[in-house]
Amino acid sequence: MDLVSPELVLVSPPEIAAEARLHVLDPLPGSYVPRVTLSRGGIATFYACCIAGTLGPLVLASLAR
């Protein structure tokens, strides 16, 4: 079987898609484990930026009225 793109498998007839899935290799165990650990300070900074990015324009829009 030739190399088939995942998008093409999604729109292929079921029997061709099933055959293509048989040739997909299983992922290695543990290969999806994140290798980066986040500190509490980093997470707090991320949330603070998200809140400021949401509330900042809202406050500016309400003051511009």
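**Figure 1. Three helices and zero strands make up the secondary structure of this chain.** The model shown here is predicted. Followed along the sequence, the elements come in the order α-α-α.

**Figure 2. The surface of the chain, in numbers.** Of the 65 residues in the chain, 6% are buried. The accessible surface amounts to about 6,300 Å², and carbon and sulfur atoms account for 68% of that area.

**Figure 3. One aromatic pair turns up in a search of the whole structure.** The partners are F46 and Y47, whose rings meet edge-to-face. Their centres are 5.6 Å apart, and their planes make an angle of 65°. That angle counts as edge-to-face because it is over 60 degrees. How exposed are the two partners? F46 is exposed, at a relative accessible area of 52%, and Y47 is exposed too, at 51%.

**Figure 4. Zero disulfides are found in the whole structure.** Here we look at two cysteines, C49 and C50. Why is there no bond between C49 and C50? The cysteine sulfur closest to that of C49 belongs to C50 and lies 7.0 Å away, which is too far for a bond; a disulfide needs the two sulfur atoms within 2.5 Å. Seen from the other side, C50 is in no disulfide either, with the sulfur of C49 as its nearest cysteine sulfur.

**Figure 5. C49 and C50 in terms of exposure.** C49 counts as exposed, with a relative accessibility of 51%. C50 is partly exposed, with a relative accessible area of 34%.

Technical notes: Residues are numbered from 1 along each chain as its sequence is written. This is a predicted model: local features need pLDDT of at least 70, side-chain atom pairs count only at pLDDT 80 or more; totals for chains, interfaces and linings use all residues. Side-chain values use heavy atoms; hydrogens and water are left out. Helices (H or I, at least four residues) and strands (E, at least two) are DSSP runs, numbered from the N terminus. Buried means under 20% relative accessible area, exposed over 50%, partly exposed in between (1.4 Å probe, protein chains only). Accessible areas come from the Shrake-Rupley method with a 1.4 Å probe; for residues, only the protein chains shown count as cover. Rings of Phe, Tyr and Trp (its six-membered ring) pair if their centres lie within 6.5 Å; planes under 30 degrees apart count as stacked, over 60 as edge-to-face and the rest as tilted.
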